[in-house]
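Reader: Before I rely on any label attached to this model, I would like to hear the reasoning that stands behind it. Could we go through the terms one at a time?

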Protein chains: 2
Amino acid sequence: MRLSAFYLPLLKETPGDAQIVSHRLMLRAGMLRQQAAGIYAWLPLGHRVLRKIEAIVREEQNRAGAVELLMPTIQPASLWHESGRYDAYGPEMLRITDRHDREMLYGPTNEEMITEIFRGGVRSYKDVGKTLYHIQWKFRDEVRPRFGVMRGREFLMKDAYSFDLDAASSRKSYLKMFTAYLRTYHRMGLRAIPMKADTGPIGGDLSHEFIVLADTGESEVFAHRSLTELAPPPADIDFDSDLEPIFNAWTGQYAATDEMHDAAAFEAIPEADRLSARGIEVGHIFYFGTKYSKAMNLAVDAPDGQRFVEMGSYGIGVSRLMGALIEAYHDEYGCKWPVSVAPFHCGIINLKAGDASTDETCKTLYRTLEDQGIEVLYDDTGDRAGEKFARMDLICLPFAVTVGPRGLKEGKVELKTRATGEKDEIPVDKVAAIVSDRIRSAL
Amino acid sequence: MRLSAFYLPLLKETPGDAQIVSHRLMLRAGMLRQQAAGIYAWLPLGHRVLRKIEAIVREEQNRAGAVELLMPTIQPASLWHESGRYDAYGPEMLRITDRHDREMLYGPTNEEMITEIFRGGVRSYKDVGKTLYHIQWKFRDEVRPRFGVMRGREFLMKDAYSFDLDAASSRKSYLKMFTAYLRTYHRMGLRAIPMKADTGPIGGDLSHEFIVLADTGESEVFAHRSLTELAPPPADIDFDSDLEPIFNAWTGQYAATDEMHDAAAFEAIPEADRLSARGIEVGHIFYFGTKYSKAMNLAVDAPDGQRFVEMGSYGIGVSRLMGALIEAYHDEYGCKWPVSVAPFHCGIINLKAGDASTDETCKTLYRTLEDQGIEVLYDDTGDRAGEKFARMDLICLPFAVTVGPRGLKEGKVELKTRATGEKDEIPVDKVAAIVSDRIRSAL
């Protein structure tokens, strides 16, 4: 992408009401623009990151065997009357009356609708054993939206729902999602620790929040330090194999948010291994048994008679993850994008647009990298060098190549690696191969 | 995808209120499920087609130089008060009051919001000359939603907006979109004819609807027959070149919907060349000059003083296109998907699941095709052969391979080509190469 053809409106000053770094950086670097409290437009730079996060979430859902569909944002209130949640949900539900005075709502979540959909399509026990998911915008009318995309009102969520014949199969579905979640965060460079969450009247041990450690996190968390060093499940994990060992490894040590904190159990950990920090919730998985299938009569014929279907739900806040990523990866200069979710992989700065040699070198480098599938933002504008550097620093791509007439005389360009801050003088005929290698090895 | 792991709820009977074939087929073949009047869930099979249509739209937008962003579905009413359209829009606008009693709405279109966004990011005439687009769900509270996704209330739309310094540049932006639209429909196997549309008080010739001919179309259209034979712009078209010849070729002959019909001009065409038919609108592009930039004060500093930005808007109904595709491509058996948007490229029917030879052959074929990037739906269920055939016929994939024990004894499988209805006996070791070739040549 040539910068002259892109739309990248940077802010010189940080809006005063942006309290946390991810919100500030997303506004300043032209990724986000507020349209109303907690409602944002994703500008082209931010949109690219959002789509990459979404693509990783999707790939890992598919790999775990979940099947994608798409439910609408607007739901009829009747579904929620059926489950009994319409009155219980409170003012966070955005209630709408259509032109025919029918009660509708903007879906804050989809347990009811997916139950209705599945109920309409299955009859026999042979039809269950599926996990369906969608990635769709949700709305929760938060009383005080804040922290940018971390607690917005309109937000993008991946929510999956499993349907199984019995609790044992449901546990297997739960473990698949548990495993997929570990891989999903890992691919974005995030270490998310699963922490036991409240199961309410359902009971059991099958409810976990996935928490990313970050100083700006909204909740206090407590964990055994070893959990920060566990290896994630490998890319070739067989989701039909026994996943209990993975589950046990990740849940065998103490880990809890303040809501579920057991001070005594935590104190029992050797002091050097106690980790007390702040965290951001980036996912929540929950086995709720027959709660909705009973309320909404989702039953199948089984050899031993009719059975209510066992269900679980599995959410990832896709737009929220973008905030969490920045909270976890930034320094005083700005974002430090992992390569897998960076808006572009590499920037090219033409220090002297209009100079035949820098123009030609930049153009060749741009084409060579793009032909290799490397995503490049080429600053081909006529702006001053200082402005170009400031801009490239603010958007913080993993790599940036600077092409200037002085360096070119010696056949060299400068390669800056964002993660380390290193700047190297590189022969101009080698730089494409080096950038390409580094990006591939980071992906 | 193995069918046993997919979610494909077929209907035995067609719901009575589905009046047109696309609606009927989408419901019957497990692509769509109604949640409320004009509001649908896209089941996995339908969702796959929707995403393919969306991907083609996106690719051609990007190729034409448009830049993608994403605006939220919910908008503050204040934006529409600014443009003066809030009161004018009528009951099709879904109006919402949030918990703090603020007036909001579910966006039916985005002229106001994109103008606000662009206003916030540009100052100089050097910043204009861009086209921004998004692909997002919209809501129009139709008084009588009908015809399935053809006239739904919640629908997916690609809307692009161009920003230029003067009318001449705006015309160039318009021609880029005009050209991109021709290519977009062509890639889905659709021939859409641009027809002059009403420009209202703006005047000029820059408003076109793109119409696909189909017997079930909602409007009557009149055109010179030669327009059905024009070659679409090639894949390597240079969008920065002079596009006037393309525009002239496609607009040089008579073509109009009934609203704009000029009977005398039509009668002047030799009778054999007069085409009178029904059509479905699948896109609308519109140059509206400074209508919104003046109302909302989007001006830039230009060498000759401040100038209001010239704008145009360019819409494609992405979800509607799926209905139009089925209306244009079906026969008495069901859909006839062009390969580029088919939910899967090829089906495999195992006539005797559990038989070692058919199981092994199917599995090998499935893997071989998937490894080549061919999307396969493998019916690995234990259902009766008749049920499998009926199902595969209903979902109508471009190719279907049937593997049975009798054929295998002679080393053969059956390949059915949906477009022609041909059934060929093919040596089992050749079928993957043949299917793969045919799909590649069709893409």
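Reader: How many residues does each chain give to what is called the contact between chain A and chain B?

Author: In this predicted model, chain A gives 42 residues and chain B gives 42 residues; a pair is counted if the C-beta atoms, placed from the backbone, lie within 7 Å. On the side of chain A that touches chain B, the elements supplying at least two residues each include helix H2 (44–63), helix H5 (111–119) and strand E7 (130–139).

Reader: What makes up the side of chain A that touches chain B, by class?

Author: That side has 28 nonpolar, seven polar and seven charged residues.

Reader: Why are strand E1 (residues 32–36) of chain B and E2(B) called paired?

Author: Pairing asks for at least two bridges, and four bridges join E1(B) to E2(B), so the two strands meet the definition; they run antiparallel. Within this pair, Gln34(B) stands opposite Tyr40(B). The hairpin that the strands form has two residues between them, and Gly38(B) takes a positive phi near 70° there.

Reader: Which residues of strand E2 of chain B point the one way and which the other, and are they buried or exposed?

Author: Ile39(B) and Ala41(B) point one way, whereas Tyr40(B) and Trp42(B) point the other way, and all are buried, a label that requires 20 or more other C-beta atoms within 10 Å.

Reader: What is known of the contact between domain 1 (11–335) and domain 2 (344–442) of chain A?

Author: Six residues of domain 1 of chain A are in contact with four residues of domain 2 of chain A, and the C-alpha centres of these domains lie 38 Å apart.

Conventions:
Residues are numbered from 1 along each chain as its sequence is written. Chains are lettered from A and ligands numbered from 1 in the order in which they are written. This is a predicted model: local features need pLDDT of at least 70, side-chain atom pairs count only at pLDDT 80 or more; totals for chains, interfaces and linings use all residues. Two residues are in contact if their C-beta atoms, placed from the backbone, lie within 7 Å. Ala, Val, Leu, Ile, Met, Phe, Trp, Tyr, Cys and Pro count as nonpolar, Asp, Glu, Lys and Arg as charged, and the others, Gly among them, as polar. Domain bounds come from an automatic or database domain assignment. A residue is buried if 20 or more other C-beta atoms lie within 10 Å of its own, exposed if 12 or fewer, and partly exposed in between; C-beta atoms are placed from the backbone.
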